[in-house]
Amino acid sequence: MSAVEMIELWRGGLLEGVHRGHAVIHDGQDVVAAWGDPGKVIFPRSSCKMIQALPLLESGAADAAGLGPEQLALSCASHNGAALHAGKVGAWLDGIGLGESDLRCGCHMPWDKDENRRLTCSDHKPNQLHNNCSGKHAGFLTWTRHAKAGLEYVEIDHPLQHAIRQATAEVTGEDPAGYGIDGCSAPNFAGSITGLARAMAAFAQPGGDARGQAMARLVQAMTAYPELVAGEGRACTELMRAMSGRVAVKTGAEAVFIAIIPEKKLGVAVKIEDGGTRASEAAITALLVHLGVLDKDHPVVGKYLTNPMKNWRGIEVGGLRLAPGFPG
């Protein structure tokens, strides 16, 4: 099966471009709906950070370190590197007796405009706390310290990565199809879109065992602190705010997006083949409206899907549309 047309770009009354992709809605037992190839193997990238955080809670490391919901939200985050984010991750590391130099995520200029401007207009340089994955890596370090394992926690043969691989296999219901190295240097385990959606459905209907409790805590943290999961102006934060904490969503690089919908006990996974972020944001927005958890008239729907596009002079030039048959 091949990718299907999902999001169209129109300009001057003509179809200018089409984004094709794959999507699955899963109820934990079966595929409820699918577009494209539900067996398509992808790298989930940052959309799977909740899975990568499971060992942090299941091992007892989170409770031993006294982590609260803010730290748990950051462990699932691809944040903007704002002062808020860097400050909280730095304080977290201080609390466990470690520091910025112990991170293995590398550094980049923060995406947050204010923090970026502050660094640009000063003699200060960005550090690893500004990395969008620093919260995830702080969680990795917390597990590593608790397990008394080596600090090179991103190596594929590190005990932490063995634990993450096992958790990934268990919640997706399939053995990873391999792994790649993510932008933050951590291994990223490949799997099918159906497996990813199945895992998100498990987070949407957690059991009462240790894993279920860990899943519930991570989802609750994400929905309680959407500003920590991404940041101001970001789709993850704005979509979760629009749904008032009822749904957790998470983006991943190369146009992956997931949703965890507890009230409907559903998991959703989307992958746009060309890697276009605007299309994955539009597609997940459309699916959330389709499933009745996001009001079609909410301004956030306009921002990511229905509002006309304007050029730098404010002239309306075109816009995005749903392709025929998507989402149905």
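## An aromatic pair

F140 is buried, and Y153 is buried as well. Both residues belong to a predicted model. The structure holds three aromatic pairs. In the pair of F140 and Y153, the ring centres are 5.8 Å apart and the planes stand at 65 degrees, so the pair is edge-to-face. The cut-off for that label is an angle over 60 degrees. This pair links distant parts of the chain: F140 sits in helix 7 (residues 134–147), while Y153 sits in the loop between helix 7 and helix 8 (159–172), 13 residues apart.

A pair of aromatic rings is described by two values, the distance of the centres and the angle of the planes.

## A charge over a ring

Another ring, that of W10, has a charged partner: R321 lies over the face of W10, at 4.1 Å from the ring centre.

## Strand 9 and its two faces

Strand 9 covers residues 256–261, and six of its six residues are buried. In a regular strand the side chains alternate between the two faces of the sheet. On one side of strand 9 are V256, I258 and I260, and on the other are F257, A259 and I261. Both of these faces are covered.

## Neighbours of strand 9

Which strands pair with strand 9? One is strand 8 (residues 248–252), which pairs with strand 9 in the antiparallel sense over five bridges. The other is strand 10 (residues 266–272), joined to strand 9 by six bridges and also antiparallel. F257 has a bridge partner in each neighbour: T251 in strand 8 and V270 in strand 10.

Both connections are hairpins. Three residues lie between strand 8 and strand 9, and E254 in that turn has a positive phi of about 60 degrees. Four residues lie between strand 9 and strand 10, where K265 takes a positive phi near 55 degrees.

## The largest pocket

The volume of the largest pocket is about 380 Å³. Its lining is made up of 28 residues, and the closest to the pocket centre are W111, R234, T251, G252 and A253. T251 is also the residue of strand 8 that bridges to F257.

Which elements each supply at least two residues of the lining? They are helix 12 (235–242), strand 8 and helix 13 (277–290). Sorted by class, the lining of the largest pocket has 12 polar, 10 nonpolar and six charged residues.

Terms used: Residues are numbered from 1 along each chain as its sequence is written. This is a predicted model: local features need pLDDT of at least 70, side-chain atom pairs count only at pLDDT 80 or more; totals for chains, interfaces and linings use all residues. Side-chain values use heavy atoms; hydrogens and water are left out. Buried means under 20% relative accessible area, exposed over 50%, partly exposed in between (1.4 Å probe, protein chains only). Two strands pair if DSSP finds at least two bridges between them. Rings of Phe, Tyr and Trp (its six-membered ring) pair if their centres lie within 6.5 Å; planes under 30 degrees apart count as stacked, over 60 as edge-to-face and the rest as tilted. A charge sits over a ring if NZ of Lys or CZ of Arg is within 6 Å of the ring centre and within 35 degrees of the ring normal. On a 1 Å grid over the protein atoms alone, a cavity is a set of points where a 1.4 Å probe fits but cannot get out, and a pocket is an open set with protein on both sides within 12 Å along at least five of seven lines; lining residues have an atom within 4 Å of a point. Grid points are joined across faces, edges and corners, and a volume is the space filled by probe spheres set on the points. Ala, Val, Leu, Ile, Met, Phe, Trp, Tyr, Cys and Pro count as nonpolar, Asp, Glu, Lys and Arg as charged, and the others, Gly among them, as polar.
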